[in-house]
There are 2 protein chains.
Amino acid sequence: MKLDKLVGERFKEKPSDCVVDSHALMVRGGYIKFVANGIYSSFMPLRRITKKIEAIIREEMDRIDGQEVQFPVVMPASLWRESGRYDSVDNSLCRFQDRNGSPMVLGMTHEEAAVHLVREYGNTYTRYPFMIYQIQTKFRDEARPRAGLIRVREFTMKDAYSFHTSQEDLEKYYARCYHAYERIFARTGIPETIVVQSDSGMMGGKISHEYMLLTPIGEDSIAICPSCGYRANMEAAQSIIENTRDAVSEELTKVSTPGMHTIEEVCDFLHAPAEKSLKAVVYQKNADDGYVIVFIRGDLDVNETKLTNYLGENIHPAVITEESGIAAGFIGPVQMNAPCKPLILFDESVRGCNNMVCGANETDYHFTGLDMQRDLPDAEYHDFAKIIDGGICPNCKKHSITVSRGIEVGNIFQLGTKYTESMGMTYLDEKGESHYPIMGCYGIGVGRLAASVCEAHHDEYGPIWPMSIAPWQVHLCCVKAADEQAHSTADRLYDELQNAGLEVLYDDRKVSAGFMFSDADLLGVPVRVIVSPRNLKENVCEVVTRDKTYSEKIPVENTVQAVKELVEKLLKACEVQE
Amino acid sequence: MKLDKLVGERFKEKPSDCVVDSHALMVRGGYIKFVANGIYSSFMPLRRITKKIEAIIREEMDRIDGQEVQFPVVMPASLWRESGRYDSVDNSLCRFQDRNGSPMVLGMTHEEAAVHLVREYGNTYTRYPFMIYQIQTKFRDEARPRAGLIRVREFTMKDAYSFHTSQEDLEKYYARCYHAYERIFARTGIPETIVVQSDSGMMGGKISHEYMLLTPIGEDSIAICPSCGYRANMEAAQSIIENTRDAVSEELTKVSTPGMHTIEEVCDFLHAPAEKSLKAVVYQKNADDGYVIVFIRGDLDVNETKLTNYLGENIHPAVITEESGIAAGFIGPVQMNAPCKPLILFDESVRGCNNMVCGANETDYHFTGLDMQRDLPDAEYHDFAKIIDGGICPNCKKHSITVSRGIEVGNIFQLGTKYTESMGMTYLDEKGESHYPIMGCYGIGVGRLAASVCEAHHDEYGPIWPMSIAPWQVHLCCVKAADEQAHSTADRLYDELQNAGLEVLYDDRKVSAGFMFSDADLLGVPVRVIVSPRNLKENVCEVVTRDKTYSEKIPVENTVQAVKELVEKLLKACEVQE
């Protein structure tokens, strides 16, 4: 490919709307173009990268006996009604009507389509286990697309679905897929990806894992215990609190706290530490706007995923109306008689505590001396708190938790029978008895993976693509292309490198070396070959790698062979042993 | 791949809803599953076929300097408003709102997205010409999906867009693409595909061609002149009529034709041949329901595409109301005073004719003796008629036209500046003057192509896939798999054939040979290797081709080599010379 024919523009200035590096570099390098919020077109360099990623994913899915199929992007609502998700999923599921007024949805995930495809085939135990997968465009109407390709609305995804006749068999296959994913991330150039326990969210099922690339720009928070190796998504990490109880319980006393609405203000005013206060966090259920109040220790925050999972329904931060009778800013668990009859929940962090500050359900008044055991003997406690930096590891019980940020580059779920039961898929076992197959599902977003690799491997000048997914393997630069000898040598090398089976991007534009190299940096091709009149005086080409770890002057006649070996070495570095 | 692990079911009975062979065979063979009207999921065998078709298309697009990109499936309505198509395209364009109420469309074609992607890049003449293409899912909300994958609503398509600075350059590139398409159809196994002139329809532009696979189940009609080689889609073919005029014109006479509504009834009643009658065909404009009446010779039919093109707007068959004042069944061009003021048009077929029968605009009355020259001297004539079998060839003028049916497997368009002008894409030429680039666009539906190949190459038992796109290259059958020697020999051959680089589907199920072979017929793999105890007694394997042109008994030890050579020969047969 001649660079002067490559469609797309490269430029120096960081676009003002790009807050993460991979986004800025992909816009600056002519990889993507914004079409609408969370929707991009891809230019050739990115398409070449994603095709290579897709090929690696296919190889690894085929290695674990996956069968590539294809599901529709547009599905009838009836399919999603069968599973119940037509109603349960929020408006990230895009619903519309076709020309005949039939309700349709855009596929954001394909459990329903997978069950539909194999419902008849999988009617007897002899056909299990099996796994089907596709690589296909999906649309999820995200409320907040961000960070370029990291969180988009339209994306290409590999989604796989396995079917089993026993939990044991699912777990065996899950382990194979777990390792296949490790291979995929290693082969695409981010072997540093870690696996964490996660919450299954709208997918259902109990056990699930996320593959996380740790980076400050990630939108997920991960609790890691360096001591024992425990790793979990914040949403799934159990929060353990060692509650302290004072020897003597003070009396419950109503005190005036005029105009003190926040927990900080109240604690400050009463000279109480935040850990000795009860914070009320108020939500409403999406279904009926019913109020839910969670009491949690003043220094902690509610993990809404845990709360949603406990309730089994979706919630949103409350709008507290006058009619509700809730005294916003002064809410407490004692003498709570709001006419709206809120559901009252307690986090584990306040179990059995005494001498606590809490609201008195009366404007400008709080209680001091609350004793949970004495004053609220019937309280039930659940884990609703976000784990914190320095918190207790749920595994080794040390105060060792660190919270890091990461990008979720893949996920795997043990789905159980959620979809096969709801959609009525059964098989007959050896004895002729009918059962629901047990499912697993396994996803990787292709574009997000490309952006994550860029995030992990770039410098201020551009991406540094791993050889396995680089848009081209070799970037041939002819510096001072007006020089006849340089140009003819570079032309010849272009042919010879291609004849050696290498993917070559050739820049013979009559531009300055600086201009040429900054374009090359933005395209991030791992091996660069520089032909210039100065080099040719010594009868050499410069061969350098984009990551600057290698730079040699090589006799012109040996260049093709040396480059071929270098490319092979770099390809090999992306390979994974069995 | 072991056949007993292949997800999907095969069966004997033709499904009652399948009217074309490729549809029935693809359902019976476990290639596709119906999800909704015009929407299918694909099982692995079809996905393997489409991947090979996609690879061939990519190679040919890359050969003509195409750059693979990717456009979104979901686009903002604003993009389609720029070109004007948001309003002009009928409800085959799927329109909906996203979660924020922003109007969006599902991509059914991507001219707008293509212009959007390169609008800035293409701002100077030095960057031309260039071509970008994608292979991506599209959704076109067809009113009448039919025939399985032949006409669907969701489909995978290769769509390419080229940009030029002169009509001459476009034509040069158009010719390259024309040949690339011939290569694609030859390589995928349907070299018999013919190219015909076509109507550009909603795409705009003047010159376009369709690639047609002739088959009685096709939904397009093609006018072919065997004499001179002229070929055109019926929609584009000029209808030439040699009008005859009697020497003596009779008088215009109103006659009673009680209850005679159709042209056949009237001609029968008046003993006039249909060629001596004027038929009125009534439409309404979609925009304002205004009436349009086309008068055409009684034995001919109106080509609605020609009429739409003439009018420059869409029409539908009329609903004739009482208020319109149109005397349905008795409409004529003389004394036509309907209050609805219809637009009156005449087809070339009635130019200057005399002694014609026509309606008298009065219930139960017709005229005889109509003389177009005498009675309607101001009439203007245009070509609105469908060309007919035995009609005059517009090229060689012989009465040689035959009308055949065909499936459109691809199309190419010279778009001109329709999109660049409407979307404000310009470039500066050498002199610094601004111009609109000239575009071409080029489409191939991948699934329809697969179905068309099946339509062209099958027997009553199943598809006969060409080697170039076959789901597997070799189908290994172990007949009487309970026999230990047969099974171990087949197992060994399975390994060896795969080690030889062949794609092998291996059937070692303990089923009857008949059952095994009918499954193999449905999967249509071109080369079959049969291992059986009976063959092994002679130390041979049977090697046969699915199309029955080859059948040999080959010593077991030579089988792998013989099969490898046979596969290579069949692959070569699909290749095309430069």
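Biologist: What share of the contacts in chain A with a separation of 6 or more is accounted for by residues 24 or more positions apart?

Modeller: The share is 72%. Please bear in mind throughout that this is a predicted model. Chain A has 15 helices and 31 strands, and its C-alpha trace spans about 95 × 65 × 50 Å along the principal axes. Of its 578 residues, 49% are buried.

Biologist: Which domains does the assignment give for chain A?

Modeller: Domain 1 is assembled from the segments 12-73, 106-221 and 403-455, domain 2 covers 253-381, and domain 3 covers 472-573. The centres of domain 2 and domain 3 of chain A, taken over C-alpha atoms, are separated by 66 Å.

Biologist: How should I read the relation between the two copies, and what turn lays chain A on chain B?

Modeller: One reads the turn together with the shift along its axis. Here a turn of 180° with a shift of 0.0 Å along the axis lays chain A on chain B, with an RMSD of 0.1 Å. The copies are thus related as by a two-fold rotation axis. The residue of chain A that comes closest to this axis is A:Phe96, whose C-alpha lies at 3.0 Å. The same surface serves both copies, as 100% of the contact residues of chain A recur in chain B.

Biologist: How many residues does each chain bring to that contact, and which element of chain A gives the most?

Modeller: Chain A and chain B each bring 42 residues. Among the elements of chain A that give two or more residues are strands E1 (32-36) and E2 (39-42), helix H2 (44-63) and helix H5 (111-118). Strand E7(A) gives the most, with 5 residues. By class, the side of chain A that touches chain B has 23 nonpolar, 9 polar and 10 charged residues.

Biologist: Helix H2(A) also meets helix H11(A). How is the packing of two helices described?

Modeller: Two packed helices are described by the angle between their axes and by the distance between those axes. For H2(A) and H11(A) (residues 446-456), the axes come within 10 Å and cross at roughly 110°. The two helices are therefore roughly perpendicular to each other. On H2(A) the contact is made by A:Leu46, A:Ile49, A:Thr50, A:Ile53 and A:Glu54, and on H11(A) by A:Val446, A:Gly447, A:Leu449 and A:Ala450. This contact has 6 nonpolar, 2 polar and 1 charged residues.

Biologist: Why do residues three or four places apart in an α-helix point the same way?

Modeller: An α-helix has 3.6 residues a turn, so such residues point the same way. For a list of buried positions in a helix, take H13(A) (residues 513-523): A:Met516, A:Asp519, A:Ala520, A:Asp521, A:Leu522 and A:Leu523 are buried. What covers the buried residues of H13(A) includes helices H1 (21-28) and H2 and strands E26 (462-463), E27 (474-478), E28 and E29 (527-531) of chain A. After H13(A) comes A:Gly524, with a positive phi near 65°.

Biologist: Strand E28 (residues 504-507) of chain A contains A:Val504. Is A:Val504 buried or exposed?

Modeller: A:Val504 is buried, because 22 other C-beta atoms lie within 10 Å, where the threshold is 20 or more. Leaving aside neighbours within four places in sequence, A:Val504 is in contact with A:Trp472, A:Val474, A:Leu476, A:Tyr494, A:Leu497 and A:Gln498. The C-alpha atoms of A:Val504 and A:Met1 are separated by 6.4 Å, although these residues are 503 residues apart along the chain.

Methods:
Residues are numbered from 1 along each chain as its sequence is written. Chains are lettered from A and ligands numbered from 1 in the order in which they are written. This is a predicted model: local features need pLDDT of at least 70, side-chain atom pairs count only at pLDDT 80 or more; totals for chains, interfaces and linings use all residues. Two residues are in contact if their C-beta atoms, placed from the backbone, lie within 7 Å. Helices (H or I, at least four residues) and strands (E, at least two) are DSSP runs, numbered from the N terminus. Ala, Val, Leu, Ile, Met, Phe, Trp, Tyr, Cys and Pro count as nonpolar, Asp, Glu, Lys and Arg as charged, and the others, Gly among them, as polar. A residue is buried if 20 or more other C-beta atoms lie within 10 Å of its own, exposed if 12 or fewer, and partly exposed in between; C-beta atoms are placed from the backbone. Domain bounds come from an automatic or database domain assignment. Copies are superposed by least squares on the C-alpha atoms of residues with pLDDT of at least 70 in both. Axes are lines fitted to C-alpha atoms, for helices over the stretch in contact, and angles run from 0 to 180 degrees between N-to-C directions. Angles under 35 degrees count as roughly parallel, over 145 as roughly antiparallel, 65 to 115 as roughly perpendicular and the rest as oblique.
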